[in-house]
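User: Could you take a close look at one part of this model for me, the surroundings of ligand 1? I'd like to see how that site fits into the rest of the chain.

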Amino acid sequence: MKITFIGGGNMAKALIGGLMKRGYSPSRMHVVEMHKDKCADLHNEFGVRATTELAAAVAHGEIIILAVKPQNLQEVALQLAPLLEGQLVISIAAGIRTQDMARWLGTQSIVRCMPNTPALIRSGVTALYAMPAVTPEQCQRAESVLSAVGSTLWMDDEEMLDAVTAISGSGPAYVFYFIEAMQQAAFELGLDEEQSRQLVLDTFLGACKLAESSQEDVAKLRERVTSRKGTTESALLSMEKNQVKMDIVAAIHAAAVRSRELGDELGKDA
Ligand SMILES: NC(=O)C1=CN([C@@H]2O[C@H](COP(=O)(O)OP(=O)(O)OC[C@H]3O[C@@H](n4cnc5c(N)ncnc54)[C@H](OP(=O)(O)O)[C@@H]3O)[C@@H](O)[C@H]2O)C=CC1
Ligand SMILES: O=C(O)[C@@H]1CCC=N1
């Protein structure tokens, strides 16, 4: 399957890198990127053909992946519309609804999905939504691309993609933020950089593996770490006092609101 990415930024790179680790040949992937220096970087890093010219790259692709910022999507879709020859279009853009893309692109063969950056190491998770006109075979094609870089799940209700964006699309950033906080604390407590990296990352990996392998609720696993009058209790009491959990929940709601706002603001014709 030949894939053309429009937009060669962070997420396109994560998908290209992940697909290559899965064995996709770089010759099957073309990228249209508006910055010449980024085209050169993409070619040097992945060996893919990267160009500023839309037409030839679109003709090459059996699947077109829209990987530009939501703010650039309408412009790209309008340029793309006359070049399409029945290809499946997959959008990874946050917020932008399929009915708006269909109007701009002049096709209903559209799958909207939300991957995340761990796709680079084939540990991503992607939720997908297909417009009703997308055939089962096209759904299978979309799934085979995204499942090459991690797990996948289909959504019946497109609105749920705003929630997915807030949870797993943006989610790696929340995890990195927590890791940064723990590394700062480790440094302040006198551990060196290498020691903090090992202790913090192995703690995250170990806790996630334990949660994944356990049938129990994560709250139960947390309670098991928390000895009465012990160290964890002190930390968790401090977090509760500072409403850390409530703040995290509120922050994730803000991300979902932003996803819906992007759809409302950018879905209107300019
Ligand atoms: N980053 C992430 O973790 C995730 C991102 N997404 C979605 O993926 C999309 C891309 O995000 P991300 O990779 O982070 O963004 P980036 O800004 O890193 O990448 C987009 C690239 O496309 C370029 N571009 C803009 N207009 C055009 C055009 N007309 N033709 C070709 N290239 C163009 C941009 O240039 P310039 O910078 O000048 O605009 C930029 O280099 C977004 O819609 C985002 O919502 C989805 C899941 C996760
Ligand atoms: O921050 C963003 O808008 C994009 C979508 C999900 C992750 N990054």
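Analyst: Let's begin with the chain as a whole, then zoom in. In this predicted model, residues 24 or more positions apart account for 64% of the contacts that have a separation of 6 or more. The chain contains twelve helices and eight strands, and its C-alpha atoms fill a box of roughly 70 × 40 × 35 Å along the principal axes. Of the 270 residues, 33% are buried.

How far can you trust the coordinates? The average pLDDT is 97, and 100% of the residues score at least 70. For the complex, the predictor gives an ipTM of 0.99 and a pTM of 0.97.

Now to your site. Ligand 1 is surrounded by 26 residues, and the closest are G7, G9, M11, A93 and A94. Sorted by class, that shell has 14 nonpolar, nine polar and three charged residues. Two helices, α1 and α4 (70–80), each put at least two residues into the shell.

It helps to set those names against the UniProt record. An unreviewed entry there lists residues 2–95 as "domain: Pyrroline-5-carboxylate reductase catalytic N-terminal". In the model, that span is 44% helix and 20% strand, with its end C-alpha atoms 26 Å apart.

Helix α1 turns up again in the packing of the chain. The largest nonpolar core has 57 residues, and those with the most contacts inside it are F5, L66, A67, I90, I92 and V111. Helix α1 (residues 10–21) gives this core its largest share, seven residues. As a general point, nonpolar side chains tend to be buried together in soluble globular proteins.

I92 is a good residue to click on if you want to see how the core and the site connect. Leaving out residues up to four places away in sequence, I92 touches M11, I65, L66, A67, C113, M114 and P115. One of those partners, M11, is also among the closest residues to ligand 1. L66 and A67, two more of the I92 partners, are on the list of residues with the most contacts inside the core.

A94 links your site to another one. Besides being among the closest residues to ligand 1, A94 is one of the residues around ligand 2, together with T165, G169 and S170. The ligand 2 shell has one nonpolar, three polar and no charged residues.

Those other ligand 2 neighbours take us into a second annotated stretch. The unreviewed UniProt entry places "domain: Pyrroline-5-carboxylate reductase dimerisation" at residues 158–262. Over that stretch the chain is 83% helix and 0% strand, and the end C-alpha atoms are 14 Å apart.

Two backbone oddities round things off. Most residues other than glycine have a negative phi. R122, which is not a glycine, has a positive phi of about 60 degrees. R122 is found in the loop between β6 (110–114) and β7 (124–130), and it is partly exposed because 17 other C-beta atoms lie within 10 Å. Q243 also breaks the habit, with a positive phi near 55 degrees. Q243 is found in the loop between α11 (231–241) and α12 (244–267), and it counts as exposed because there are 11 C-beta neighbours inside 10 Å.

Notes. Residues numbered from 1 in each chain as written. Chains lettered and ligands numbered in written order. Predicted model: local features only at pLDDT ≥ 70, side-chain atom pairs only at ≥ 80, totals over all residues. Near = placed C-beta within 6 Å. Nonpolar A, V, L, I, M, F, W, Y, C, P; charged D, E, K, R; others polar. Core = buried A, V, L, I, M, F, W, Y, C linked by C-beta atoms within 7 Å. Buried ≥ 20, exposed ≤ 12 C-beta atoms within 10 Å, placed from the backbone. Helix = DSSP H or I, 4+ residues; strand = E, 2+ residues; numbered from the N terminus. Contact = placed C-beta atoms within 7 Å. UniProt positions renumbered as here; feature names shortened; annotations may be inferred. pLDDT = per-residue confidence, 0-100.
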